[in-house]
Amino acid sequence: MMKPVKKQQNRHATWQNLILAITLILMLFSALPNFYQDNNSPNWLSELGAKPIKLGLDLSGGVLFVLDVDTDRAQSDKLKDIVLDIKTLAREYKARAIKVSQVDSVTLKIDFAATNNKAYSQLFDKVLSIYPELTKTKISNQQITFSYSDQQQVKFRQETMKQTLKTMRGRIEELGITEAVTQKQGKNRIRIELPGVHNPEEAKRIIGATASLDFYQLATNAKSINVKRIRDEHGQWLTLNNKAVFSGSNIKNARAGQDQMGSPLVNLSLDAVGGKKMSEFSKKNIGSPMVTVFSEFYRNTNNELVKKSKVISEAIIQAQLGAQFSITNMQSSSAAQELSLLLRAGSLSAPVTIVQQRTIAATLGADNIDNGIKALTIGVSITLIFMALWYRSLGLVANVALAFNLVSLLGLMSLLPGAVLTLPGIAGLVLTVGMAVDTNVLIFERIKEELRRGHKPLSAIEQGYNSAFTTILDANITTMITGIILYSIGYGAVKGFALILCLGILTSMFTGVFVSKALTKLVIRSNEGQLLGIKS
Amino acid sequence: MSNIMSNKFSKYRMTSFYLAACLVVFALVGLFSRGLNLGLDFTGGYLTEFSTNKSLTQQQMSDKLAPYLGEGFQLSAAENGTYWSIRTPDNGTSSNAWLNDFISATNQTNNAQLSDLTITAQDAIYIGSQVGEELINQGGLALLAALITILLYLSIRFEWRLAMGAVVALFHDVILVLGLFAWLGISFDLTILASILAIIGYSLNDSIIVGDRIREIMKSKKEDDINVIISKAIKSTLVRTLITSGTTLATIAAIWFFAGESLHGFSVALFCGILVGTYSSIAISATVPQLLGLTADYYQQQEEELCQLP
């Protein structure tokens, strides 16, 4: 009767060992590329998609930018456009004696006469149908407001951030940097890490080009209120319609080229929205000029955001245009190149300023790696020697488990796409070693206690692992909570530390409890007379 | 016999508890009178680092820099006076441009005086002070969120008095490390904040292991004196506490001595944090529940209450 049960247990244990072994081999495999220097890992490895750990900026050297995205300004600009639109619509709906004005960045108000209610209500319905994100509030019989609700403000901010992030990634690709890390930081910051870039000026010019491009029509009536005046490159005043035909965010691609006569031009292709706007506009305006305006935001001495606009091209529309057209009349081919680069890089709907810029020399990075690895090796060696001396055969089991722990951690770090190894990360690695040791010490001390109570070694081992497990779980879960909070709130180096801490807890639980238990059972198969220096 | 031993042990434990309380007061005095020397991450400004081929004294370098920077810069040297960090506040006018002037001027005087001091720029950081403000809020928020979640988790897993003991020990550890930084005036930056959070993890780890043991002995119903229970729990976990703290301290000492300047503050904070953490897990985390009125028959009472249910 006893035999089948035992067999089943054995089979259970075999399966467990098999799963453990497969997991360990997978981890070892993912960690493998890290043991080759200078990306010299063999082809078969890289073909299978195994890559070494990405190094953080402090280790590889490079440039760090933190950008502040002024979403409030973008919101306010958007509302300004809506005000202009409502003025135009009011004329269409013959809603006279109307006064539209912007109250703050999220609210606009409309004063109107109490008569001709129908035209007004039609107008307001139309406004709400074009801009469903607005909320209409009646203040009095002659005044209403349209505003963004808190929820809509959050949505607008999130969309602006998404758009800006996309544009930034596009700009970095333009620079030919593939290893860059671009991530949102807090509510309205963007963090860009450019490893391997040692001349920040070029990167700064493109990334920090807080520029936007807009295409305007020359105003037909210079005395109208809806116009703005701007100087062109020759210092002459141009009068433009206040609302842009379309903006640079509608541009899909831009390439510099030449026409049949050899004069430089820029070929543009627009997205669907831009194409539709362009074809409608150009159909009505053949023969009249279109002006491309390049605007830049910068902070003045009072730290206020100032917009500086400049006309970069003024060209005649020669035919109805679709999604693809060219800007001709470029002064030189280098001017065409520059313009196409800026157009490709995309325009931003929200002004962006660089609030933090950090350049880290690469030599410092190399030093940091060497130092970190030296510290890690020394720390781990001390621990390994101590464990082997203190716990003898079980100490060796712990050391093998510890080695597996480090390999698994390296493997996980290489597998996760967002994981970056930083200097505090190396410190986290060292702490992980400490925690892995703690797991084994807790278990071994328990086993010792059980042996002292007179248990046989095999049952003492079983008891020790079982009763230490709840303690280990409690201790690790609380550390995990700290790690997760650090990861979700911290940035950059702190994030790197938190990630290693969390992954380290997982791997040390895995290797410290399961792997070392399996190893212990392999090493100690019978009730030996003496374990951990205690005779049974 | 064991009771007499335990009583003696409890006396030591109480004494060390009051000693810990005194240390906390001392650390708080330091924190409030001197304040933390907040690093660039928190205050905002410029940090410029460069190395020299010859070692200079702090005073020599300070004199050399004065014409370029005027008053109000902080200079620190490392690696025997060949690696220099300069902190300048963000006052709208100062920037890193002075470094180029400084380097070219030094190289010119080299030609004139035939001295061979060369300066190599290493690192230039600008951090907007706004970022600093944000980091203070974020860091404080992180600490608060961590504390509340941990307290909740422990209250569910343990008795509330044991959870309180762990949290009081935690405050003790964090306050002592912050106090040390205030008294010594070491720059408090983001890596130190990271180490404080790691200390929280470690301190809790230690407290939980002792608390876990107390719970176990209480449940086993073999002892009826809380003093004996706590002493027993501490004694049976002492070897583990010493081995873990010892090996961890050894690895941190390795970081301290070999990982270079940028992790110096980090390792100092962790080293002290783990020292006081080990101390507090013995002196505080087990003593506070007793002072709050934890009795030996708590778990028996709970069982009786359960049994009384119809």
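At what angle do the axes of helix 4 and helix 5 of chain A cross, and within what distance do they come? In this predicted model, the axes of helix 4 (residues 71–92) and helix 5 (residues 117–130) of chain A come within 10 Å and cross at roughly 140°. That angle makes helix 4 of chain A oblique to helix 5 of chain A, because angles over 145 degrees are needed for a pair to count as roughly antiparallel. The crossing in which helix 4 of chain A passes helix 5 of chain A is right-handed.

The contact between the two helices involves Ile86(A), Leu89(A) and Ala90(A) on the side of helix 4 of chain A, which meet Leu123(A), Lys126(A) and Val127(A) of helix 5 of chain A. By residue class, this contact of helix 4 with helix 5 of chain A comprises 5 nonpolar residues and 1 charged residue, with no polar residue taking part.

Helix 4 also has a place in the description of a neighbouring element, an open sheet of chain A, on which helix 4 of chain A packs. The sheet is formed by 4 strands in the order 3-4-6-5, and the pairing is antiparallel. Its edges are strand 3 (98–102) and strand 5 (134–140) of chain A, each of which pairs on one side only. From one strand to the next, the twist averages 20°. In packing on this sheet, helix 4 of chain A touches strand 3 and strand 4 of chain A, and the direction of the helix makes about 175° with that of strand 3 of chain A.

The two strands touched by helix 4 of chain A are themselves paired: strand 3 of chain A and strand 4 (residues 107–112) of chain A run in the antiparallel sense over 5 bridges. Within this pairing, Val100(A) has Ile110(A) in strand 4 of chain A as its bridge partner, and Gln102(A) stands opposite Leu108(A) in strand 4 of chain A. The connection between strand 3 and strand 4 of chain A is a hairpin through 4 residues.

These elements belong to a chain in which 13 helices and 21 strands are assigned. Of the 536 residues of chain A, 40% count as buried. Among the contacts in chain A with a separation of 6 or more, 71% are accounted for by residues 24 or more positions apart.

Key. Residues are numbered from 1 along each chain as its sequence is written. Chains are lettered from A and ligands numbered from 1 in the order in which they are written. This is a predicted model: local features need pLDDT of at least 70, side-chain atom pairs count only at pLDDT 80 or more; totals for chains, interfaces and linings use all residues. A residue is buried if 20 or more other C-beta atoms lie within 10 Å of its own, exposed if 12 or fewer, and partly exposed in between; C-beta atoms are placed from the backbone. Two residues are in contact if their C-beta atoms, placed from the backbone, lie within 7 Å. Axes are lines fitted to C-alpha atoms, for helices over the stretch in contact, and angles run from 0 to 180 degrees between N-to-C directions. Angles under 35 degrees count as roughly parallel, over 145 as roughly antiparallel, 65 to 115 as roughly perpendicular and the rest as oblique. A crossing is left-handed if the near helix is turned anticlockwise from the far one by less than a right angle, and right-handed if clockwise. Ala, Val, Leu, Ile, Met, Phe, Trp, Tyr, Cys and Pro count as nonpolar, Asp, Glu, Lys and Arg as charged, and the others, Gly among them, as polar. Two strands pair if DSSP finds at least two bridges between them.
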